[in-house]
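What follows is a walk through one predicted model. It is best read with the coordinates open.

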Amino acid sequence: QVQLVESGGGLVQAGGSLRLSCAGPGNIFSIKTMGWYRQAPGKQRDLVATITSGSSTNYADSVKGRFTISRDNAKNTVLLQMNSLKPEDTAVYYCIAVIYGVNYWGKGTLVTVSS
């Protein structure tokens, strides 16, 4: 089975930084697309950023210039460096991995940004 293990969430003040990590299964040679979505209370789950095995990235407009997504293909991990955090970034962040055309989700890690 596919399990995605997320870490790095927490509480920070506005303007601070956090680094999220997601570890995918180690027995898969290559995961084409990995990334992060987030869901704030009362809102739908929206894309934050994705990255392909070829390092092509896609960011939501709201995080461009502040967040950076990267990955380690050998380890099937994806990182999200979040800088200049704003209270509006508060959400549960979910790791996603697309494996053979199927979306797999992590359990989520909570990011809270205080003003």
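Y100 is exposed, with a relative accessible area of 76%. This tyrosine sits in the loop that runs between β9 (91–99) and β10 (102–105). Its phi is near 50°, a positive value in a residue that is not glycine. In general, most residues other than glycine have a negative phi.

A second residue of this kind is N76, which also is not a glycine and has a positive phi of about 50°. N76 belongs to the loop between β7 and β8 (77–82). Is N76 buried or exposed? Its relative accessible area is 1%, and because values under 20% count as buried, N76 is buried. Y100, at 76%, is exposed.

The loop that holds N76 connects β7 and β8, and both of these strands belong to an open sheet. Four strands make up this sheet, in the order β1-β3-β8-β7, with antiparallel pairing. Its edges are β1 (5–7) and β7 (67–72), each of which pairs on one side only. On average, and with direction ignored, neighbouring strands of the sheet are turned by 15° against each other. At the β1 edge, three bridges join β1 to β3 (residues 18–23), and the two strands run antiparallel. One position in that pairing can be named: V5 has A23 in β3 as its bridge partner.

Strand β3 also carries one end of a covalent link. The model has one disulfide, formed by C22 and C95 with their sulfur atoms 2.0 Å apart. A disulfide is a covalent bond between the sulfur atoms of two cysteines. Which parts of the chain does the pair link? C22 is in strand β3 and C95 in strand β9, and the two cysteines are 73 residues apart. The angle about the S-S bond is -85°, and the link of C22 and C95 is left-handed. Both cysteines are buried.

The charged side chains come next. The count of salt bridges is three. D89 meets R38 in one of them, with an N to O distance of 2.9 Å. D89 lies in the loop between β8 and β9 while R38 lies in strand β4 (residues 33–39), so this pair ties together parts that are 51 residues apart in sequence. D89 and R38 are both buried.

D89 forms a salt bridge with R66 as well, and here the closest N and O atoms are 2.7 Å apart. This pair again links distant parts of the chain: D89 is in the loop between β8 and β9, R66 is in the loop between β6 (57–59) and β7, and 23 residues separate them. D89 counts as buried because its relative accessibility is 0%. R66 counts as buried too, at 10% relative accessibility. Taken together, R38, R66 and D89 are linked in a network of salt bridges.

Another salt bridge joins the side chains of D61 and K64, at 3.1 Å from N to O. What is the accessibility of D61? D61 has a relative accessibility of 65% and therefore counts as exposed, whereas D89 has 0% and counts as buried.

Strand β4, which holds R38, also takes part in an aromatic contact. The structure holds one aromatic pair. The ring centres of Y37 and W105 are 5.2 Å apart and the ring planes stand at 80°, so the pair is edge-to-face. Y37 is in strand β4 and W105 in strand β10, so the pair ties together parts that are 68 residues apart in sequence. W105 counts as partly exposed because its relative accessibility is 36%.

Past β10 comes G108, which is found in the loop between β10 and β11 (109–114). G108 also counts as partly exposed, at 27% relative accessibility. What does G108 touch, leaving aside residues up to four places away in sequence? Its contacts are E6, V92, Y93 and Y94. Of these, E6 falls within the range of the edge strand β1 (5–7), and V92, Y93 and Y94 fall within that of β9 (91–99). A74 is 34 residues from G108 along the chain, and the C-alpha atoms of the two are separated by 23 Å.

Notes:
Residues are numbered from 1 along each chain as its sequence is written. This is a predicted model: local features need pLDDT of at least 70, side-chain atom pairs count only at pLDDT 80 or more; totals for chains, interfaces and linings use all residues. Side-chain values use heavy atoms; hydrogens and water are left out. Two strands pair if DSSP finds at least two bridges between them. Axes are lines fitted to C-alpha atoms, for helices over the stretch in contact, and angles run from 0 to 180 degrees between N-to-C directions. Buried means under 20% relative accessible area, exposed over 50%, partly exposed in between (1.4 Å probe, protein chains only). A salt bridge is a side-chain nitrogen of Lys or Arg within 4 Å of a carboxyl oxygen of Asp or Glu. A disulfide is a pair of cysteine sulfur atoms within 2.5 Å. Contact means heavy atoms within 4.5 Å. Rings of Phe, Tyr and Trp (its six-membered ring) pair if their centres lie within 6.5 Å; planes under 30 degrees apart count as stacked, over 60 as edge-to-face and the rest as tilted.
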